[in-house]
Amino acid sequence: MNTDYTILYNGREREIIPAGTYTISIRGKGNYAGTAALTQLYTVKQNTIAKVAASCPRTVKYTGKAQNPVTVKIGKNVLPESDYTVVYHIGSSKSGKEIRYPLAKGKYTAVITVKGNNLTTTSKKTEIVKRFTVK
């Protein structure tokens, strides 16, 4: 996919497309050099948090260093860290002591809160909770 061309949004390459209105251009690569602009404006709508998925392995290998085992996606696209925050708690619930990153062996709870102009939240779901163990 995208091996012979690049899609530009208002003249810029983007992996994650923020909500907004764009003029889309296609820039050819290799034998397909050149740029074709589409004059029609396209609107990218905000996603709801219900479309966001977070993953975290159940077990994380102890390294002695700070780790961030959480990945947040909309579909196949990984969200930039500017679109979410992760707060770690020691133990298997959100009531455990809050820490920046897991450093030691033990059980942890990651609370992911989604933000950014790509997303809107619903009153039903504003955060995602994942539990894991560092061994």
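In which strand does threonine 109 lie? Threonine 109 belongs to β12, where strands are DSSP runs (E) of at least two residues, numbered from the N terminus. The model is predicted, so local features need pLDDT of at least 70 and side-chain atom pairs count only at pLDDT 80 or more, while totals for chains, interfaces and linings use all residues. Residues are numbered from 1 along each chain as its sequence is written, and side-chain values use heavy atoms, leaving out hydrogens and water.

Threonine 109 counts as buried because its relative accessibility is 0%; buried means under 20% relative accessible area, with a 1.4 Å probe and protein chains only. Its side chain reaches the backbone oxygen of glycine 91 at 2.9 Å.

β12 also takes part in the largest nonpolar core, which has 19 residues. Such a core is a set of buried Ala, Val, Leu, Ile, Met, Phe, Trp, Tyr and Cys residues joined through side-chain atoms within 4.5 Å. Val70, Val72, Ile112 and Phe132 have the most contacts inside this core. β6, β8, β10, β12 and β14 each supply at least two of its residues, and β12 gives the most, with four.

A look at β8 comes next. In a regular strand the side chains alternate between the two faces of the sheet. Along β8, Val72 and Ile74 point to one face and are buried, whereas Thr71 and Lys73 point to the other and are not. β8 pairs with β6 in the antiparallel sense over four bridges; pairing requires at least two bridges found by DSSP. Lysine 73 of β8 is the bridge partner of alanine 53, and in β9 the partner of lysine 73 is valine 78.

Conventions
Buried < 20%, exposed > 50% of the residue type's maximum accessible area, 1.4 Å probe, protein only. Polar contact = N/O pair within 3.5 Å; in protein donor to acceptor, adjacent residues only side chain to side chain.
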